[in-house]
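Trainee: I am new to this structure and would like a close look at one part of it. Please start there and then move outward to the surroundings.

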Amino acid sequence: MVAEQLQARGIADRKLLEAFLAVPRHLFVDPALGNRAYDDCSFPIGYEQTISQPYIIAFMIQSLEVTRYTRVLEVGTGSGYQTAILSLLARDVFTIERLAPLLRKAESALSLVGTGSVRVKEADGSLGWPSYAPFDRIIVSAAMKDRPLELLDQLAEEGKLIAPISGDAEHLVLFAKEGGALREERLARCAFVPLLKGEA
């Protein structure tokens, strides 16, 4: 998976590739998938949610330039697979999931692998986690309709945020905060499940 789906498509960050090698994806998907767990596909994980394809996860994390000095906010824990990978790269990961059953399953899967510092919260991820802000990096794992203003407010100076944003078409958008100003760049077309909002 790492050689054919990631390296061959331009994922070059050595530590990121090592994190993918260290986290067994089959623990985060339906056991009935068997060896297909390592296909470059998204798969349903219940509750109309999906686990993203490995390449997209790698592309998003590489675009953020996560290092062992960064504090990362993840919006949409989902299966916990991306959480595990982030935890091997960042200083701290703060992850939010609105759906309690998914969060419990993710916590169970995360307990089976060696992870770094991870804090979890059941809540509306679009509101972020103000008590732990600001964050050096923010990654959003579900499509938003508009600029994530509340999350951008929680982004540290020199910080970066990546999110799928739907408009005329859905794109991964990278935001960078520099000198108090925001720079915005469309990176690629994508397709994510919509971000769920409202009370947890």
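Trainee: Which residue in β7 stands opposite R137?

Mentor: The residue opposite R137 is K160 in β7. Keep in mind that this is a predicted model. The strands concerned are β6, residues 135-140, and β7, residues 155-166; they run parallel and are joined by four bridges. Strands of a sheet pair through backbone hydrogen bonds, either parallel or antiparallel.

To place that pair, take the whole sheet. Seven strands form an open sheet with mixed pairing, and their order is β5-β4-β3-β6-β7-β8-β9. Its edges are β5 (118-122) and β9 (181-189), each of which pairs on one side only. From one strand to the next the twist averages 15°. In this order β6 sits between β3 and β7.

Moving along the sheet from β6 through β3, you come to β4. Five bridges pair β3 with β4 in the parallel sense. Within this pairing, R71 stands opposite D92 in β4. Six of the six residues of β4 are buried, so this strand is largely enclosed by the rest of the structure. The side chains of β4 split into two sets: D92, F94 and I96 point one way, V93, T95 and E97 point the other way, and all are buried. A helix also lies over this end of the sheet: α5 (residues 100-110) lies across β4 (92-97) and β5, and runs at about 160° to β5.

Now return to β6 and look at what comes after. The loop between β6 and α6 (149-152) holds A142. A142 is buried, with a relative accessible area of 7%; the cut-off for buried is under 20%, so the label applies. Leaving aside residues up to four places away in sequence, A142 touches P164, F192, V193, P194 and L195. One of these contacts, P164, falls within the range of β7 given above. By contrast, A142 and L127 are 15 residues apart in sequence, and their C-alpha atoms are 14 Å apart in space.

Two of the residues touched by A142, F192 and V193, appear again in the largest pocket. That pocket has a volume of about 490 Å³. It is lined by 35 residues, and T50, S52, S141, F192 and V193 are the closest to its centre. At least two residues of the lining come from each of β2 (49-51), α3, β3 (71-75), α4 (81-87) and β4. The largest share, three residues, belongs to β2. Sorted by class, the lining of this pocket has 17 nonpolar, 13 polar and five charged residues.

Helix α3, named in that lining, deserves a separate word. It covers residues 54-64, and 10 of its 11 residues are buried, so the helix is largely enclosed by the rest of the structure. Among the buried residues of α3 are Y55, F59, M60 and L64. Just after α3, E65 takes a positive phi of about 55°.

The same search of the whole structure that looks for enclosed space finds one cavity of 30 Å³ or more. The space in the largest cavity is about 30 Å³. Its lining consists of D13, K15, L16, I61, Q62, V66 and L89. Two elements, α2 (14-22) and α3, give two or more residues to this lining. By class, the lining of the largest cavity holds four nonpolar, one polar and two charged residues. One of its residues, I61, is also among the buried residues of α3.

Last comes the second largest pocket, which leads back to the helix lying across β4 and β5. Its volume is about 200 Å³. The residues that line it are L27, F28, V29, D30, P44, I45, S79, L102, K105, A106 and A109. The elements giving two or more residues to this lining are β1 (43-46) and α5. Helix α5 supplies the largest share, four residues. The classes are eight nonpolar, one polar and two charged residues.

To sum up, R137 and K160 stand opposite each other in a parallel pair of strands within a seven-stranded open sheet. The loop that follows β6 holds A142, which touches F192 and V193, two of the residues closest to the centre of the largest pocket.

Definitions and conventions
Residues are numbered from 1 along each chain as its sequence is written. This is a predicted model: local features need pLDDT of at least 70, side-chain atom pairs count only at pLDDT 80 or more; totals for chains, interfaces and linings use all residues. Side-chain values use heavy atoms; hydrogens and water are left out. Buried means under 20% relative accessible area, exposed over 50%, partly exposed in between (1.4 Å probe, protein chains only). Two strands pair if DSSP finds at least two bridges between them. Axes are lines fitted to C-alpha atoms, for helices over the stretch in contact, and angles run from 0 to 180 degrees between N-to-C directions. Contact means heavy atoms within 4.5 Å. On a 1 Å grid over the protein atoms alone, a cavity is a set of points where a 1.4 Å probe fits but cannot get out, and a pocket is an open set with protein on both sides within 12 Å along at least five of seven lines; lining residues have an atom within 4 Å of a point. Grid points are joined across faces, edges and corners, and a volume is the space filled by probe spheres set on the points. Ala, Val, Leu, Ile, Met, Phe, Trp, Tyr, Cys and Pro count as nonpolar, Asp, Glu, Lys and Arg as charged, and the others, Gly among them, as polar.
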